[in-house]
Amino acid sequence: MTLNSIDNDVRLAVEAAQDKQALDITVLNLRDSGAFADYFLLCSGSSGPQIQAIGEAVEERLHRNGRRVAHREGRGGGEWYLLDYGFLIVHIFSERARQYYDLERLWRNAERIDVKEETHPERRSESGSRTGAGALGGSHSESEGDAA
């Protein structure tokens, strides 16, 4: 599984997290695991305000793409900010909380993408075409998990 092979909305969420300098961005593909969501996006922030800024950026980017969050938890400077879109659950942790909850270990059988800095959508190849997370299209179908 690569970042280019996943759902467009997940890529948009990754881009928003990257824009706010999120740390250790990981996407878990849970589609074949019988989980309650298709994807988890996991990332870390180095402070409460950064964690909140990442969450707000993800929510705003997906909102512009027609997605509405069904549930959110952790606003107000906590160590874990959660956005539930039905098919996608975004977990934004402090580094300490991420180590404590260790969702990567809990879902270790899921396909995993560790998003590297060089996959940022604003980076361009030498030919000038888009590369990285935003390069390819694709979208989650409207009937699947739209949390409107």
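This tour moves from a helix pair to a buried side chain and then to the paired strands.

The model is predicted: local features need pLDDT of at least 70, side-chain atom pairs count only at pLDDT 80 or more, and totals for chains, interfaces and linings use all residues. Residues are numbered from 1 along each chain as its sequence is written, and side-chain values use heavy atoms, without hydrogens and water.

**Stop 1: two helices.** Select helix 1 (residues 8–19) and helix 2. Helix 2 covers residues 48–64. Helices (H or I, at least four residues) and strands (E, at least two) are DSSP runs, numbered from the N terminus. The two axes come within 8 Å and cross at roughly 140°. Axes are lines fitted to C-alpha atoms over the stretch in contact, with angles from 0 to 180 degrees between N-to-C directions.

Now show the contact (heavy atoms within 4.5 Å). Leu12 and Ala16 are among the helix 1 residues there, and Ile54 and Leu62 among those of helix 2.

**Stop 2: Glu59.** Stay in helix 2 and pick Glu59. Glu59 counts as buried because its relative accessibility is 14%; buried means under 20% relative accessible area, with a 1.4 Å probe and protein chains only. Add Arg72: a polar contact of 2.2 Å joins the two side chains. Such a contact is a pair of N or O atoms within 3.5 Å, one able to donate a hydrogen and the other to accept it.

**Stop 3: the strands.** Select strand 3 (residues 71–73) and strand 4 (residues 80–84), an antiparallel pair with three bridges. Pairing takes at least two DSSP bridges. Find His71, opposite Asp84. Next add strand 5 (residues 88–94), antiparallel to strand 4 over five bridges. Tyr81 stands opposite Ile92. End at the hairpin turn of strands 4 and 5, where Gly86 has a positive phi of about 85°.

Definitions and conventions:
Buried < 20%, exposed > 50% of the residue type's maximum accessible area, 1.4 Å probe, protein only.
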